[in-house]
Amino acid sequence: MAADISTRPTSDQPFVQLDRVSRKYGAFRLALSDASLTIYRSEFMLLIGGSGAGKSTLLRLAGAIEAPSSGRIRIGGEDPARMRPNALAFLRRSIGNVMQEPLLLDRRSVLENVMLPAIASNQTRREAVERARAALNRVRFGDLDALPRELSSGARQRVALARAIVNRPALLLVDDPISRLDEDAANNMLQLLEQFAISGVTVLLASQREPERMPARARLVRIDHGVLTQ
Amino acid sequence: MSWQTARGYCWARGMRMLGERPALTFGGVLVGALALALPGCIFMLAQMLAPVGSRLPVAEVTAFVAPGTGAAEVKALTSRLEVMDGVVRVRLIPREQAWAELQRRMRDGQAFTEIKPNPLPDALAVEFAPRTAVPTVEATVAAMRKQPRVESIQADVEWYRRLSGLLQVTAGLLVPVALVVALLVILATVGLVRQLAVIDSAELRLLDQIGAETDFIRRPFVYAGSALLGLAAAAGLGLMAAARVLANPPLEELGRLFGLELGLGYPPWPLILAFVAGCLLLGAGAGNFFAGRQIALAKAVS
């Protein structure tokens, strides 16, 4: 029986809906099993699960980066599987993604990395620079000319977060940013994400452990071996 | 304007793609230039040999007229020879002219002054049409031998047979060799553009994830591929120019020995422009194709 984790909505408008979604890799590896979940607009959802529990898979599905093996996903009322390539690209531009291992372009400066989504969404260069500076300022990162390979993993996470918010996304997916951070840095990151949720951004944060200080608005969902539990 | 920013970004991105890998870019341009210069040089060679080739293999035989043949009979014989298969021209070399020429050519002309009377016969130089088949020449020569008032025939048909064979083989090989070389050019350059796309698969994956449209993702590869082959074409033309500078003095010397005008000339300008445009398009097409494939691969992996 599918587990529907659709309780405690912070708004009554569903934004991401998973309906009996499964994701298989190859013939045998079932990363997500029959998951049903509704994430509401401007909700802050915390997805907790151990390594290999299926958190990253769920985030990739919610971010329309992958398609489910079975079941149905709706993001903002649209089914990504039925969208045309350019419409899907448009949808992805409204989703900010911070992967567990941030994919940063090591030969480009931090500023250029953060500008990239703005340029790809046809912003002028001036506006892209302004947005990138604002995003980096928001995550409190000042070394704009640094190269990503020179940065610590925490700093890389912040740069990836800045890149994720540069297009002012409606949905922010953040994969395990706090596991490798000390307590203060983890709390700062959580505060930051909470502020995004307060300002109307829907946030789905995956983590291996429960944070020391649980954000007040957060809804907690657990995942274990690809199965969602309350 | 924002579309200019996106295109400017893609152009800068494409150029940086080449600049960030100087060894690959330099190697690519070099391989491409060599590969493109080779058919270019073959073309210049073919262009040089085409007029020479049509002149060289002309078969020519000499029919010596029997002594005591009158002018009217020589004229009638000339007319009969002119209508023979493959013959385009028959030229009379009077015995007096042949004798004077022989004396002029010999160092010790004195020895000839003592020989009297002139022992040479009138001769008819018979010229065949260019590229006349060897069996036709042989049959015509045999028919000439049977003509009345013909004393003897001097014909080096074996030389003509060898030269015709050599030219036929050369001409036959030229097109397939040029095609094979052109194919190698395409494979080599397309392979290099492919390398660029393979190296940048992580970036392709990222661009796909952040919602960049397909055109935006592909365009840097299109520009980079086009620039790579454009540079290769320019360098190839440079190599052709260098080959021309190096080869022309000895070729001209050789030509003087054989009374021919030998020398490599540039292909016509429209052909050069078409060549460069073709390279630009080929590079762009290869960039577009491999970026597309790599995006699909990156999606499958992620």
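A polar contact is a pair of N or O atoms within 3.5 Å, where within protein one atom must be able to donate a hydrogen and the other to accept it, and where residues adjacent in sequence count only if both atoms are side-chain atoms. The model is predicted, so that local features need pLDDT of at least 70 and side-chain atom pairs count only at pLDDT 80 or more, while totals for chains, interfaces and linings use all residues. Residues are numbered from 1 along each chain as its sequence is written, chains are lettered from A and ligands numbered from 1 in the order in which they are written, and side-chain values use heavy atoms, with hydrogens and water left out.

**Exercise 1. Describe the interface of chain A and chain B.**

Step one concerns extent: 21 residues of chain A are in contact (heavy atoms within 4.5 Å) with 22 residues of chain B. The buried area, which is the accessible area (1.4 Å probe) that two parts lose on being put together, summed over both, is about 2200 Å², and carbon and sulfur atoms give 56% of it.

Step two concerns polar pairs: the rule finds five residue pairs in polar contact across this interface, both residues being at pLDDT 80 or more. The elements that give two or more residues to the side of chain A that touches chain B are helix H2 (85-93) and helix H3 (110-120) of chain A, where helices (H or I, at least four residues) and strands (E, at least two) are DSSP runs numbered from the N terminus. H3(A) gives the most to that side, with five residues.

Step three sorts that side of chain A by class into nine nonpolar, four polar and eight charged residues; here Ala, Val, Leu, Ile, Met, Phe, Trp, Tyr, Cys and Pro count as nonpolar, Asp, Glu, Lys and Arg as charged, and the others, Gly among them, as polar.

**Exercise 2. Locate salt bridges across the interface and within chain A.**

Step one is the criterion: a salt bridge is a side-chain nitrogen of Lys or Arg within 4 Å of a carboxyl oxygen of Asp or Glu. Side chains of opposite charge can pair when their charged atoms come close.

Step two applies the rule, which gives 15 salt bridges over all chains and three across the interface of chain A and chain B. A:Arg93 forms a salt bridge with B:Glu213, with the closest N and O atoms 3.5 Å apart.

Step three turns to chain A, where the side chains of A:Glu66 and A:Arg23 meet in a salt bridge at 3.0 Å, N to O. This pair links distant parts of the chain, 43 residues apart, since A:Glu66 is in the loop between helix H1 (55-62) and strand S5 (70-75), whereas A:Arg23 is in strand S2 (residues 14-25).

Step four follows S2(A), which is joined by eight bridges to strand S3 (residues 29-40) of chain A, the two running antiparallel. The bridge partner of A:Pro14 in S3(A) is A:Tyr40, and in the hairpin, with three residues between the strands, A:Gly26 takes a positive phi near 70°.

**Exercise 3. Work out the open sheet of six strands in chain A and the helices beside it.**

Step one gives the order S6-S7-S8-S4-S9-S10, with mixed pairing, where two strands pair if DSSP finds at least two bridges between them. Strand S6 (95-98) and strand S10 (227-229) stand at the edges, each with a single partner strand, so one side of each is left without a neighbour in the sheet.

Step two takes one pair: S7 (residues 171-175) and S8 (residues 202-207) of chain A pair in the parallel sense over five bridges, and A:Leu171 has A:Thr202 in S8(A) as its bridge partner.

Step three adds helix H5 (residues 153-165) of chain A, which packs on the sheet, touching S6 and S7, and whose direction makes about 170° with that of S6(A); axes are lines fitted to C-alpha atoms, for helices over the stretch in contact, and angles run from 0 to 180 degrees between N-to-C directions. Helix H6 (residues 183-198) of chain A lies across strand S4 (44-48), S7 and S8, running at about 155° to S8(A).

**Exercise 4. Work out the open sheet of four strands in chain B.**

Step one gives the order S2-S3-S1-S4 with antiparallel pairing; the edge strands, S2 (87-93) and S4 (150-155), each pair on one side only.

Step two places B:Glu127 in S3(B), where B:Arg89 stands opposite this residue, as does B:Glu60.
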